[in-house]
Amino acid sequence: MTGPRLLLRGAAIGDTTADSGLVHLQGQAIYIRDGLIAWYGPEAKLPSGLRPDQEIELGARLVTPGLVDCHTHLVYAGKRVGDFVHRLAGSRYEEISSGGGGIASTVAATRAASEEALFEGAKARLERMSGYGATTVEIKSGYGLDARTEEKILRVARRLGGIGIAEVRTTFLGAHAMPPGYQRSKEDYLREMAEEVLPRLISEGLVDAVDAFCAEIAFGTKELEIYYLAAKRLGLPVKAHLDQLTETGGGALLARMGAASADHLEYSGTETIAELASAGTVAVLLPGAYYFLRESRAPDVATLRAAGVPMAVATDHNPGTSPLESLPLAMNMACLLFGLTPAEALRGATANAARALGLADRGAIAKGMRADLAVWDADTPAELSYNIGFSPLHSTFVKGAICREDSRRTDANERT
Ligand code: DI6
Ligand code: FE
């Protein structure tokens with residue numbers, strides 16, 4: 001593929017290093033060829049002989065790697081405002097689930113929705129996420145819990161990846177909850193999902209990874225073993241929602257499976273963290289769900305940091321526990337609620353999030369990486385974690401193509 005050769009001038013680069021320090025370089029240029037960063041460095045050292053098709057002056061704006069939202073449930077129908085109101089009146093999340101609300105109500109709405117309606121709803125959300133700087137978004141199934149609807153959700157997710165707003169990675173979350181009214185055991189359900197449904201979805205090119213909800217109200221480690229083994233046999237990376245509401249002891253299973261990521265981790269203890277560290281598993285922190293459920297126990301960031309577990313930050317966008325679309329707001333919450341530094345938050349939403357998805361080609365500004373970039377009206381990289389409910393995004397580039405430009409801001413600039 002040969003896209004236009006682009007030369008971005010007047011950029012301030014904001015990025016993170018492997019040890020999580022912030023990098024902030026002024027007066028930079030970035031040369032993009034074939035959708036990749038072919039060169040970047042001080043404008044004064046621009047190699048001669050570059051032949052860009054187009055030059056873009058960024059006026060000293062901040063350029064970071066495009067943000068990677070590595071954990072979302074973007075495709076669903078219906079809202080859960082009723083659950084929210086009940087929780088505010090004192091009900092617990094677990095009670096709402098067992099009382100007919102919760103995941104089951106979103107499953108019913110998603111089964112009933114047409115593929116087109118699901119697509120339109122999720123497209124609007126993806127557009128807004130792109131407006132907050134996301135250039136790669138992971139999307140999980142898991143609101144179908146039957147073959148037909150899981151496939152419908154994943155087809156919508158794939159289609160969303162093809163419309164040029166952001167790159168989409170798909171995750172099969174057949175093990176999200178027991179389907180309402182299912183008569184047989186959890187083992188039977190997971191066996192059916194892993195041995196019948198998953199291979200078919202893979203053969204249709206719909207699945208990039210496999211996830212499960214490892215929790216008392218969902219599935220335990222014993223039942224999940226068959227499910228994960230099937231995924232591994234089919235060559236897919238695995239991940240889990242782990243220890244969100246109580247400690248499950250699932251770290252050992254995930255380490256044995258060489259999990260790409262373990263997500264939530266509010267209740268994970270030192271042993272679980274050591275297991276994740278031994279497997280090189282990324283810890284995905286989801287402060288939106290913590291905040292929305294008014295949890296009081298935060299992930300043990302100090303121990304994760306000391307153990308050298310890479311930490312990512314994601315929105316966990318879903319209608320029940322995290323109706324959050326802004327990755328910069330998740331970064332802000334990760335700093336204020338979980339104790340990350342702004343450098344860790346940025347790395348968490350770029351390089352470490354890419355790693356949680358097994359993607360080595362993005363998440364940093366370096367030669368040979370995909371030209372997935374976010375351009376901000378911000379002075380420093382720490383500023384991305386500072387704002388609340390406002391995103392200073394100017395534009396994004398996905399594989400070297402400008403895919404979003406805030407027209408109001410562009411007009412304003414043209415007027416000055
Ligand atoms: N943990 C969550 O926070 C979401 N899924 C999960 O496994 C919540 C899903 C929902 O309540 O709809
Ligand atoms: Fe989730």
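Ligand 1 occupies the largest cavity. This is a predicted model. The enclosure is complete: the protein covers 100% of the 320 Å² of accessible area that ligand 1 has on its own, a figure best read beside its polar contacts, such as the one at 2.8 Å between a polar side-chain atom of Arg 80 and an oxygen atom of the ligand.

**The shell**

Around ligand 1 stand 14 residues. Nearest to the ligand are Arg 80, Tyr 93, Tyr 143, His 176 and Thr 321. By class, the shell holds eight polar, four nonpolar and two charged residues.

**Polar side-chain contacts**

Three side chains place a polar atom by a nitrogen or oxygen atom of ligand 1.

| Residue | Ligand 1 atom | Distance |
|---|---|---|
| Arg 80 | oxygen | 2.8 Å |
| His 176 | nitrogen | 2.8 Å |
| Gln 244 | nitrogen | 2.9 Å |

Arg 80 and His 176 thus appear twice: in the table, and among the nearest residues. For Gln 244, the side-chain atom in question is an N or O.

**The chain as a whole**

How is the protein chain split into domains? The assignment gives two entries. Domain 1 is written in two segments, 6-65 and 365-415. Domain 2 spans 67-356. Their C-alpha centres lie 30 Å apart. The two domains touch, with 29 residues from domain 1 and 24 residues from domain 2 taking part in the contact.

How values were computed. Residues numbered from 1 in each chain as written. Chains lettered and ligands numbered in written order. Predicted model: local features only at pLDDT ≥ 70, side-chain atom pairs only at ≥ 80, totals over all residues. Heavy atoms only, no water. Near = heavy atom within 4 Å. Polar contact = N/O pair within 3.5 Å; in protein donor to acceptor, adjacent residues only side chain to side chain. Areas by Shrake-Rupley, 256 points an atom, 1.4 Å probe, with all protein chains shown as cover. 1 Å grid on protein atoms, 1.4 Å probe; cavity = no way out; pocket = protein on both sides within 12 Å on 5 of 7 lines; lining within 4 Å. Sits in = over half its atoms within 2 Å of the grid points. Nonpolar A, V, L, I, M, F, W, Y, C, P; charged D, E, K, R; others polar. Domains from an automatic or database assignment. Contact = heavy atoms within 4.5 Å.
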